[in-house]
Amino acid sequence: MKILMVCLGNICRSPLAEGILQHKAKQHGLNWLVDSAGTANYHKDEPPHRLSQKVSKLNSIDISHLRGRQFMKEDMIEFDKIYVMDEENYAEVKRISRNNWNEQKVDLLLNELYPNENRSVPDPWYGAEEGYHKVFDMINKACDEIIEKYAGIQISQ
Ligand code: 4NP
């Protein structure tokens with residue numbers, strides 16, 4: 001499996017999602033490739049936001065080595081599944097992908113937890129640390145669903 005996590009800046013939400021899913025895949029002995037990207041290029045080559053790094057570290061996941069990059073249309077070919085955090089990310093991924101767009105590969109991450117509800121992972125960028133903890137918990141639960149769905153492994157909460 002090759003899975004790409006996408007948000008706007010690739011410094012708050014999607015690096016968390018990349019780190020969490022890669023960690024779980026490794027824990028379960030799955031040889032998955034997990035990556036992340038932003039629809040904007042504001043934070044190219046930057047490490048994740050310090051609060052995303054802090055919250056990950058508190059949960060024993062190190063994301064300090066990750067660096068920001070922008071989503072590109074070739075990603076639509078390269079990856080098996082692309083998860084976006086909100087509807088704006090979805091529209092931007094569609095726009096950037098142009099002729100490579102493949103609707104079947106793309107979904108909102110929280111649809112794995114709440115099917116067809118099209119809920120968003122809120123952007124914690126403008127808020128306090130508490131928002132990063134909430135976002136971590138949401139992404140963590142959605143990633144358990146992804147592991148169960150694609151690897152057939154039951155995760156007890
Ligand atoms: P992210 O959060 O999409 O979760 O990485 C943001 C980070 C930076 C900005 C917006 C959202 N920004 O406007 O710079």
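The following paragraphs describe the surroundings of the ligand and the packing of helices in a predicted model. Residues are numbered from 1 along each chain as its sequence is written. In this predicted model, local features need pLDDT of at least 70, side-chain atom pairs count only at pLDDT 80 or more, and totals for chains, interfaces and linings use all residues, while side-chain values use heavy atoms, with hydrogens and water left out.

The residues around the ligand, each with a heavy atom within 4 Å of it, include Cys-7, Arg-13, Tyr-42, His-43, Asp-123 and Trp-125. This shell divides into six nonpolar, three polar and two charged residues; Asp, Glu, Lys and Arg count as charged, Ala, Val, Leu, Ile, Met, Phe, Trp, Tyr, Cys and Pro as nonpolar, and the others, Gly among them, as polar.

Backbone atoms also approach the ligand in polar contacts (pairs of N or O atoms within 3.5 Å). An oxygen atom of the ligand lies 2.9 Å from a polar backbone atom of Leu-8, and for Gly-9 the distance is 2.8 Å. For a backbone N or O atom of Asn-10, it is 3.3 Å. The protein covers 91% of the 350 Å² of accessible area that the ligand has on its own (Shrake-Rupley method, 1.4 Å probe).

Two packed helices are described by the angle between their axes and the distance between the axes. Helix α2 (residues 50-58) packs against helix α5 (residues 129-151) at about 55°, with the axes 9 Å apart. The pair is therefore oblique, a term for angles that are not under 35 degrees, over 145 or from 65 to 115. Helices here are DSSP runs (H or I) of at least four residues, numbered from the N terminus; axes are lines fitted to C-alpha atoms over the stretch in contact, with angles from 0 to 180 degrees between N-to-C directions.

Methods. A polar contact is a pair of N or O atoms within 3.5 Å; within protein, one must be able to donate a hydrogen and the other to accept it, and residues adjacent in sequence count only if both atoms are side-chain atoms. Helices (H or I, at least four residues) and strands (E, at least two) are DSSP runs, numbered from the N terminus.
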